[in-house]
Amino acid sequence: MDFNFPLRKIIHVDMDAFYASVEQHDDPELKGKPIAVGGGSKRGVVSAASYEARKFGVRSAMSGAIARKNCPNLIFVKPRFDRYKEISMQIRSIFFEYTDLVEPLSLDEAYLDVTENKKGNPSATLIAREIRQKILDRTGLTASAGISINKFIAKVASDYNKPNGQKTVNPEEVIAFLENLDVRKFYGVGKVTAEKMYRLGIFTGLDLKKKSLGFLEEHFGKSGSYYYNVVRGIHLSPVKPHRIPKSVGAERTFSENLSSEIFMLEKLENIATELERRLQKSKIAGKTVTLKIKYSDFTLQTRSKTLPYFIATKDLILETAKELLYQSSLENSVRLLGISLTNLNTEKKKKSEEKESVLVQLKFDF
């Protein structure tokens with residue numbers, strides 16, 4: 001199929017159960033066993049789960065108590081983020097052997113634009129296979145990959161043959177691939193949105209494609225145009241080697257639930273201090289302050305306020321966070337508080353970079 005927009009050769013590399021796989025690699029006694037990285041206590045939370053644990057329904061962000069209930073033989077391992085970062089840097093160095101256009105999303109996944117690459121290899125499929133083999137040889141860990149014409153499809157494809165697999169969606173296969181896809185598989189469609197789409201009779205990409213732009217914007221707001229475009233294979237966001245953050249935040253989980261706003265003020269001050277440090281380090285300021293509250297029953301609430309000016313200092317952040325805290329009464333005792341800053345002074349820079357992005361239409365050999 002001919003597209004009336006520039007095509008790229010994009011690879012999305014996603015490590016398989018990264019944190020858990022590192023622990024199993026470093027401690028052979030854990031191999032083949034259900035493990036969870038995180039805390040197994042009543043207050044603990046699962047950061048990552050091995051594939052053996054996932055078979056029992058253990059998932060990241062699940063409470064340690066529920067995870068242990070789902071899988072009585074679950075082994076909990078304390079996270080070692082320095083070790084994960086060390087291996088992530090090894091993996092990233094492999095990416096740079098092929099291209100400088102590498103956009104890390106986290107320690108365990110990244111986008112690579114190999115349209116033009118350092119190896120002069122025209123096949124993104126073969127490059128992805130080489131990269132996965134090098135990761136295995138150098139770290140002992142497996143990775144999965146998705147290969148296609150843009151970041152959206154590559155990310156969806158990387159989940160297709162997990163673990164330790166890859167999938168290429170060639171240009172002529174893109175439309176059929178998207179039309180047959182369950183909307184739950186679309187990157188950017190979460191559980192709540194998927195359920196809403198189901199209620200509207202949207203189950204597959206083809207169902208989504210039949211809806212007009214006006215219909216999607218009416219029901220999904222600004223996200224409507226995103227859904228309208230991606231189901232048609234349109235996602236023009238380039239791979240950005242230096243990702244400009246959309247938000248900066250800090251949060252804390254408490255060892256004991258907090259039942260009064262008064263007990264939370266000191267905690268908020270510590271969080272605001274940490275947020276100020278991160279903002280200063282990145283030389284970023286923002287206008288919108290969001291207070292995140294997670295209650296003891298794991299329900300989540302956010303409260304936001306947009307100021308007429310940019311802020312980056314602890315005092316102004318804390319002042320706004322306090323205002324949001326007292327905005328309405330608490331629904332339950334609190335296990336986590338967080339403060340984030342959005343509407344950053346990086347937005348103009350981001351838009352400028354997107355305008356400057358120029359691509360050349362190429363003959364493709366995936």
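In this predicted model, Val248 stands opposite Leu341 of strand E12, a pairing that belongs to the contact between strands E9 and E12. Strand E12, which spans residues 334–344, runs antiparallel to E9 and is joined to E9 by seven bridges. Both strands are part of an open sheet of four strands, arranged in the order E9-E12-E10-E11 with antiparallel pairing. The edges of this sheet are formed by E9 (248–258) and by E11 (300–311), each of which pairs on one side only. From one strand to the next, the twist averages 15 degrees.

Two helices pack on this four-stranded sheet. Helix H12, comprising residues 261–282, touches E9, E10 (286–295) and E12, and its direction makes about 155 degrees with that of E9. Helix H13, comprising residues 314–325, touches E10, E11 and E12, and its direction makes about 140 degrees with that of E11. Strands E10 and E12 are thus touched by H12 and also by H13.

The two helices also meet each other. The axes of H12 and H13 come within 9 Å and cross at roughly 140 degrees, and the crossing in which H12 passes H13 is right-handed. On the side of H12, the contact is made by Glu261, Met264, Leu265, Leu268, Glu269, Ala272, Thr273, Leu275, Glu276 and Leu279, while H13 contributes Lys314, Ile317, Leu318, Ala321, Lys322 and Leu325. When these residues are sorted by class, the contact of H12 with H13 has 10 nonpolar, one polar and five charged residues.

A further helix pair is found earlier in the chain, where helix H10 (residues 213–220) and helix H11 (residues 223–230) pack at an angle of about 140 degrees, with their axes 7 Å apart. H10 and H11 are therefore oblique to each other, and H10 passes H11 in a right-handed crossing. In this contact, Leu213, Leu216, Glu217 and Phe220 of H10 meet Ser223, Gly224, Ser225, Tyr227 and Tyr228 of H11. By class, five nonpolar, three polar and one charged residues make up the contact of H10 with H11.

A separate open sheet is built from three strands in the order E3-E2-E4, and its pairing is mixed. Here the edge positions are taken by E3 (46–49) and E4 (75–77), each pairing on one side only. With direction ignored, neighbouring strands of this three-stranded sheet are turned by 30 degrees against each other on average. Strand E2, formed by residues 35–38, pairs with E4 in the parallel sense over three bridges, and within this pairing the bridge partner of Ala36 is Phe76 in E4. Helix H1 (residues 18–26) packs on the sheet and touches E2, E3 and E4, its direction making about 110 degrees with that of E2.

The confidence of the prediction can be considered both for the chain and for one particular segment. The chain averages a pLDDT of 91, and 93% of the residues score at least 70. Over residues 352–363, however, pLDDT stays under 50, and for this segment the model has 12 contacts beyond four places in sequence.

Key: Residues are numbered from 1 along each chain as its sequence is written. This is a predicted model: local features need pLDDT of at least 70, side-chain atom pairs count only at pLDDT 80 or more; totals for chains, interfaces and linings use all residues. Side-chain values use heavy atoms; hydrogens and water are left out. Axes are lines fitted to C-alpha atoms, for helices over the stretch in contact, and angles run from 0 to 180 degrees between N-to-C directions. Angles under 35 degrees count as roughly parallel, over 145 as roughly antiparallel, 65 to 115 as roughly perpendicular and the rest as oblique. A crossing is left-handed if the near helix is turned anticlockwise from the far one by less than a right angle, and right-handed if clockwise. Contact means heavy atoms within 4.5 Å. Ala, Val, Leu, Ile, Met, Phe, Trp, Tyr, Cys and Pro count as nonpolar, Asp, Glu, Lys and Arg as charged, and the others, Gly among them, as polar. Two strands pair if DSSP finds at least two bridges between them. pLDDT is the predictor's confidence in each residue, from 0 to 100.
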